[in-house]
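Please take the two chains shown here one after the other, and then look at where they touch. The paragraphs that follow go from the overall form of each chain to single helices and residues.

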Amino acid sequence: MEVLSLLADGMLLSLQPLNLMMILIGVTVGLFIGAMPGLGSVNGVAILLPVTFLVPPGSAIIFLAAIYYGAMYGGAISSITLGIPGASTAVATTFDGRPLARQGKASLALVTAALASFVGGTVANILFTLFAPILATVALSFGPPEVFALMLLAFATFVGLGGDDIPKTVFSICFGLVLGAVGFDQISGAPRLVLFDYNGFLQGIGFLVLAIGVYGIGEMFWTIEQTRGDVTTTTPKMTAKGMAADTKEATKRGWKGTMIGSFLGFFVGILPAAGATPGSLMSYGVAKMVSRRPAEFGKGHPDGVAAPEAANNSASTGSMLPMLTLGIPGSPTTAILLGGMVIWGLVPGPRLFVDETEFVWGLIGSFYISNLAAVLMNLAFIPVFIWMLRMPFTILAPMIFVLSIAGGYAATRDMFDIWLMVGFGLGAFFLRKFDYPLAPAVLAIVLGPIAEPTLRQSLLLSSGDPSIFFTRPVAGPITIIALILIFLPGIKLVRRMRDKRKEPA
Amino acid sequence: MRVGEIVTAGFLALLSLYLMWKSTELPVGYIAGQGPGGGAWPFWLSGIMLICCGFTAFNWWRENTPASRSDAPLLDAYGWKMLLFVGGGIIGFVALVSIISMYGAIAVFLFYYMWFLGRHSLWLSLLIALVTPIAMFFFFEGAMRITMPSGLPFTDPVFNVLYDIIY
């Protein structure tokens with residue numbers, strides 16, 4: 001009961017005129033920043049951090065949290081309308097969001113994403129409110145072997161994403177992981193894989209370079225070549241009746257994915273090293289696995305949009321938990337929020353809930369209000385977002401190329417990365433011709449820098465004995481499930497081939 | 001497509017071998033007291049990539065994949081033309097960034113695409129090609145405080161005028 005009373009106080013605090021204004025501005029700014037390819041919550045929070053020094057710390061963190069929320073909602077917009085994931089957390093949203101938009105159901109995809117994000121955020125807020133201190137302890141018990149096992153589980157779900165050609169899927173995963181290893185060895189600090197001894201590779205290959213190359217440039221080449229430039233423009237439903245029909249369909253066909261994403265996303269989000277990307281990906285994989293129609297995934301299933309969107313929103317709330325309770329940021333954005341808190345004179349950690357009760361509960365209360373404001377703003381702007389899709393393709397296509405190049409530069413500030421992006425785009429176009437799945441490579445480049453150090457630390461802990469991944473109570477079951485998921489498609493394929501051979505010609 | 005698939009697999013196998021060789025610049029085995037060497041992770045992953053290329057070649061030989069059974073060309077005349085005009089346009093766009101600035105290159109690329117490839121009217125092409133980079137300037141430089149490449153010094157007078165507006 002005490003929790004509810006504190007939460008009510010917190011909500012009242014966040015509804016004060018200044019705080020409410022901060023929420024509305026933050027959510028709107030975040031929505032548009034998140035919708036730009038190349039810019040995400042981290043850019044919004046970093047750029048607007050100095051603005052927060054003009055208001056009290058409570059209002060400041062509420063403002064930044066509102067930007068974070070808005071940007072998480074906005075990430076889905078470019079994934080669905082343009083097919084370019086603005087941030088790694090929205091990669092999985094493109095798998096079904098883009099096909100839905102191509103079928104003229106962009107409105108359904110956007111409504112599904114908005115509603116799933118809202119439910120994900122709400123579930124996460126409730127879990128956060130009720131179990132924050134307990135969950136922080138669970139998160140802390142995750143050592144390197146557990147985190148690596150979790151990464152292995154994420155890679156296992158990639159195998160399911162790649163389709164029937166398992167060697168090409170595994171190649172794609174490993175290629176993404178190797179690209180993620182370019183630059184410097186994280187542990188020794190020595191230069192590593194400086195390809196062709198070109199110094200530009202010393203800074204590594206960022207996720208956005210590969211993602212914008214594959215999804216922005218490569219995808220556009222593919223679309224132009226496949227459709228001969230004659231892309232059928234969508235006829236989106238922009239009426240209130242159409243939106244109501246989409247809401248009904250999104251609820252009916254996206255609830256399972258939403259539920260999976262909401263809980264799984266939160267759990268993965270609270271782990272200090274993981275965050276929203278593996279959360280959204282794993283949720284997509286699990287939603288596909290438990291679906292009665294897994295074959296529809298990747299072709300435009302609302303569950304395929306709902307699961308990653310619910311998960312990335314849920315995980316973004318979850319990642320606030322280790323930041324507030326332990327002082328450990330779960331993502332780059334929470335790292336900036338943490339920095340802001342320190343500047344405002346607050347000390348994140350276990351004492352924060354005791355010493356700064358008003359601040360903490362004001363923030364938690366603002367999560368609920370921001371989530372509600374973000375879903376309303378998002379739904380209100382859907383007609384604007386789908387208006388973009390009604391543009392002639394010969395205007396939309398060069399705009400997407402321009403956004404890809406300018407957005408890519410804005411994120412990396414390096415022309416070498418832009419050339420790499422163009423190279424990846426052309427490479428992706430040809431690899432796609434031969435059915436190489438590229439989504440696993442894009443996701444692997446994000447998770448590689450988390451997976452490698454945890455593997456090395458684990459093996460160092462066990463003096464090189466890999467049984468450490470099987471003998472620990474949490475890591476063991478996760479590793480076994482991951483290995484089953486990795487080998488299952490192979491076993492199924494061999495069995496199918498054997499059955500085919502047995503069939504009389 | 002059939003020839004293309006095995007050529008691609010061969011190229012990717014060579015890339016895997018190169019990455020394996022490059023990884024050996026750092027230790028690839030287990031170092032007592034230090035754990036796996038810095039090159040171990042990319043070395044063994046590249047090794048798995050090489051094995052995957054072997055499986056792809058096997059599938060090609062057994063004609064298990066759609067591409068290995070297809071006699072269709074990789075790209076037809078339209079495909080090559082598209083690659084030349086669109087791909088060439090993008091390469092030209094990126095090359096122009098360091099000469100006439102990001103915004104100048106955006107204007108030239110948009111005009112080229114809409115007028116030459118899209119066959120839109122001259123006025124519409126010019127309007128979009130001029131308004132878009134100006135709007136992007138105010139978004140990136142004014143609102144987001146992100147500085148884009150400004151090209152060679154001859155673009156300075158234009159940027160001075162624009163910077164006077166936002167600062």
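**From a loop residue to the whole**

A:Arg413 is found in the loop between helix 17 and helix 18 of chain A, and it makes a convenient starting point in what is, it should be said at once, a predicted model. Phi of A:Arg413 is near 55°, a positive value in a residue other than glycine. Is A:Arg413 buried or exposed? A:Arg413 counts as exposed, because it has 12 C-beta neighbours inside 10 Å, and a residue is classed as exposed if 12 or fewer such atoms lie within that distance.

A second residue of chain A can be read in a similar way. A:Asp197 is not a glycine, yet it has a positive phi of about 55°, and its place is in the loop between strand 2, residues 191-192, and helix 9 of chain A. With 8 other C-beta atoms within 10 Å, A:Asp197 is exposed.

Stepping back to the chain that holds these loops, the secondary structure of chain A comes to 21 helices and 2 strands. The C-alpha trace of chain A spans about 75 × 60 × 50 Å along its principal axes, and its radius of gyration is 22 Å, which agrees with the value near 23 Å that a compact globule of 505 residues would have. Of those 505 residues, 61% count as buried, and among the contacts in chain A with a separation of 6 or more, 80% are accounted for by residues 24 or more positions apart.

Two buried residues show what such surroundings look like in detail. A:Pro348 lies in the loop between helix 14 (332-343) and helix 15 (352-355) of chain A, and it counts as buried because 21 other C-beta atoms lie within 10 Å, where 20 or more are required. Not counting residues up to four places away in sequence, A:Pro348 touches A:Met323, A:Leu324, A:Gly327, A:Leu338 and A:Met341. The C-alpha atoms of A:Pro348 and A:Pro322 are separated by 9.3 Å, while the two residues are 26 residues apart along the chain.

A:Met377, by contrast with that loop position, is found in helix 16 of chain A, which runs over residues 357-387. A:Met377 is buried, with 20 other C-beta atoms within 10 Å, and, leaving aside its neighbours within four places in sequence, it is in contact with A:Val27, A:Thr28 and A:Leu31. Between the C-alpha atoms of A:Met377 and A:Ser78, which are 299 residues apart along the chain, the separation is 16 Å.

Helix 16 of chain A also meets helix 4 of chain A, residues 57-81, and the axes of the two helices come within 8 Å and cross at roughly 30°. The crossing in which helix 4 of chain A passes helix 16 of chain A is right-handed. Among the residues that make this contact are A:Ala65, A:Ala66, A:Tyr69 and A:Gly70 from helix 4 of chain A, together with A:Ser366, A:Phe367, A:Ser370 and A:Asn371 from helix 16 of chain A. Divided by class, the residues of the contact of helix 4 with helix 16 of chain A are 14 nonpolar, 8 polar and no charged.

Chain B gives another picture. There are 6 helices and 2 strands in chain B, and along the sequence they follow the pattern α-β-β-α-α-α-α-α. The radius of gyration of chain B is 25 Å, whereas a compact globule of 167 residues would have one near 15 Å, and the C-alpha trace spans about 60 × 55 × 25 Å along its principal axes. The domain assignment of chain B gives domain 1 (2-69) and domain 2 (77-166), and 40 Å separate the centres of these two domains, taken over C-alpha atoms. Of the 167 residues of chain B, 32% count as buried.

Where the two chains touch, the contact takes 45 residues from chain A and 57 residues from chain B. On the side of chain A, helices 8, 9, 17, 18 and 19 each supply at least two residues, and helix 17 of chain A gives the most, with 9 residues. By class, this side of chain A has 32 nonpolar, 3 polar and 10 charged residues.

Key:
Residues are numbered from 1 along each chain as its sequence is written. Chains are lettered from A and ligands numbered from 1 in the order in which they are written. This is a predicted model: local features need pLDDT of at least 70, side-chain atom pairs count only at pLDDT 80 or more; totals for chains, interfaces and linings use all residues. Helices (H or I, at least four residues) and strands (E, at least two) are DSSP runs, numbered from the N terminus. The radius of gyration is taken over C-alpha atoms; the globule rule is 2.2 Å times the number of residues to the power 0.38. Two residues are in contact if their C-beta atoms, placed from the backbone, lie within 7 Å. Ala, Val, Leu, Ile, Met, Phe, Trp, Tyr, Cys and Pro count as nonpolar, Asp, Glu, Lys and Arg as charged, and the others, Gly among them, as polar. Axes are lines fitted to C-alpha atoms, for helices over the stretch in contact, and angles run from 0 to 180 degrees between N-to-C directions. A crossing is left-handed if the near helix is turned anticlockwise from the far one by less than a right angle, and right-handed if clockwise. Domain bounds come from an automatic or database domain assignment.
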